[in-house]
Amino acid sequence: MSNKPPPPRPAPRLYLATPVVDDPASLVAELPALLASADVAAVLLRLKETDQRTMISRIKALAPAVQKAGAALLIDGHAELVARGGADGAHLTGLAALEEAAPSLKPDRIAGVGGLATRHDSMSAGEMGADYVLFGEPDEKGQRPSPQAIAERLDWWAELFEPPCVGFAVSLEEAHDFAASGADFVLVGAFVWTDPRGPKAALIEADAAIKKAHATATASQDPARQNPASQEHG
């Protein structure tokens, strides 16, 4: 039996939430350069509510720009539109939504879930086959846990469970802190799109922040780095 510690988790990646999309034309034009500028694993498409045919058309307009950049396109809710629009999966809110949508998404498409108020809910989502769990998003009233509570939940999950965890960050500081706490992905949205320098600059900065946080956290957990003398007589 080996006593070697498990390999460190890979550096976290960005998960970019779009603004609510009505006309996708400007986003289609902007996304290729934006996704090329940083390590974005996935894009969460938030669609303006309208008829299904229109929403499917908007998904189809955006999917190639995201997928050609090597990222996955997930739809916020609307699991029934994923296959018809050519998306890669859906983000669902709550265990009931996950249970309802999973048969139509799994195993070929991604089923991520948030709205997990308790640790028990989070574990239930993992048992139900969620491809990731999201911590820290606002509820229907716009309320969310404190950044410290979100970081603690991420740390707990990363320590004990295999499925990836995602931290919902509303600022650059939260993106850094959640990456340091063990998030596999950091979901960023409004603070990127509203940055006065433009979303590209904000996205690059967020990417650098989460990579730096991960590198610092990894180094602090490496016994050899903590005690360089231990390497001298290896």
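The protein chain exposes about 12,300 Å² of surface, and carbon and sulfur atoms supply 54% of that area. Keep in mind that what you have here is a predicted model. Of the 234 residues in the protein chain, 45% count as buried.

**The overall build**

Going along the protein chain, you pass through 10 helices and 8 strands. The radius of gyration comes to 19 Å, close to the 17 Å that the globule rule gives for 234 residues, so the protein chain is as compact as a globular protein of that length. Laid out along its principal axes, the C-alpha trace spans about 65 × 40 × 35 Å. As for who touches whom, take the contacts with a separation of 6 or more: 57% of them are between residues 24 or more positions apart.

How many charged side chains are there of each sign? The protein chain carries 21 positive and 31 negative ones, and the centres of the two sets lie 5 Å apart.

**The aromatic corner**

Searching the whole structure turns up 5 aromatic pairs. Trp156 and Trp157 make one of them, with an edge-to-face arrangement: 5.8 Å from centre to centre and 70° between the planes. Trp156 also pairs with Phe161; here the ring centres are 5.2 Å apart and the planes sit at 70°, so this pair is edge-to-face as well. Planes over 60 degrees apart count as edge-to-face, which is why 70° earns that label.

Ring pairs also bring in Phe135, linking it with Trp156, Trp157 and Phe161 into a cluster. Are the two tryptophans of this cluster buried or exposed? Both Trp156 and Trp157 are buried, with Trp156 at 12% relative accessibility. Phe161, on the other hand, is partly exposed, at a relative accessible area of 21%. The cut-off for buried is under 20%, so a value of 21% falls into the partly exposed class.

**Backbone oddities**

Now for the backbone. Most residues other than glycine have a negative phi, and most peptide bonds are trans. Two spots in this model are worth a look with that in mind.

Lys106 and Pro107 are joined by a cis peptide bond, with omega at about 5°. Pro107 belongs to the loop that runs between helix H4 (95-105) and strand S5 (110-114). Asp108 is found in the loop between H4 and S5 too, and with a relative accessible area of 68% it is exposed. Measure from C-alpha to C-alpha and Asp108 is 8.6 Å from Gly89, while in sequence the two are 19 residues apart.

The other spot is His78, which is not a glycine yet has a positive phi of about 50°. Look for His78 in the loop between strand S3 (72-76) and helix H3 (82-85). His78 counts as buried, at 18% relative accessibility.

**A histidine in a helix**

Where does His214 sit? His214 is part of helix H9, which covers residues 199-220. Leaving out residues up to four places away in sequence, His214 touches Arg9, Pro10, Ala11 and Pro12. His214 is buried, with a relative accessible area of 17%.

Here are the accessibility values for some of the residues above, side by side.

| Residue | Relative accessible area | Class |
|---|---|---|
| Trp156 | 12% | buried |
| His214 | 17% | buried |
| His78 | 18% | buried |
| Phe161 | 21% | partly exposed |
| Asp108 | 68% | exposed |

Note on methods: Residues numbered from 1 in each chain as written. Predicted model: local features only at pLDDT ≥ 70, side-chain atom pairs only at ≥ 80, totals over all residues. Heavy atoms only, no water. Helix = DSSP H or I, 4+ residues; strand = E, 2+ residues; numbered from the N terminus. Rg over C-alpha atoms; globule rule 2.2 N^0.38 Å. Buried < 20%, exposed > 50% of the residue type's maximum accessible area, 1.4 Å probe, protein only. Contact = heavy atoms within 4.5 Å. Areas by Shrake-Rupley, 256 points an atom, 1.4 Å probe, with all protein chains shown as cover. Lys, Arg positive; Asp, Glu negative; His and termini not counted. Charge placed at Lys NZ, Arg CZ, Asp CG, Glu CD. Phe/Tyr/Trp six-rings, centres within 6.5 Å; stacked < 30°, edge-to-face > 60°.
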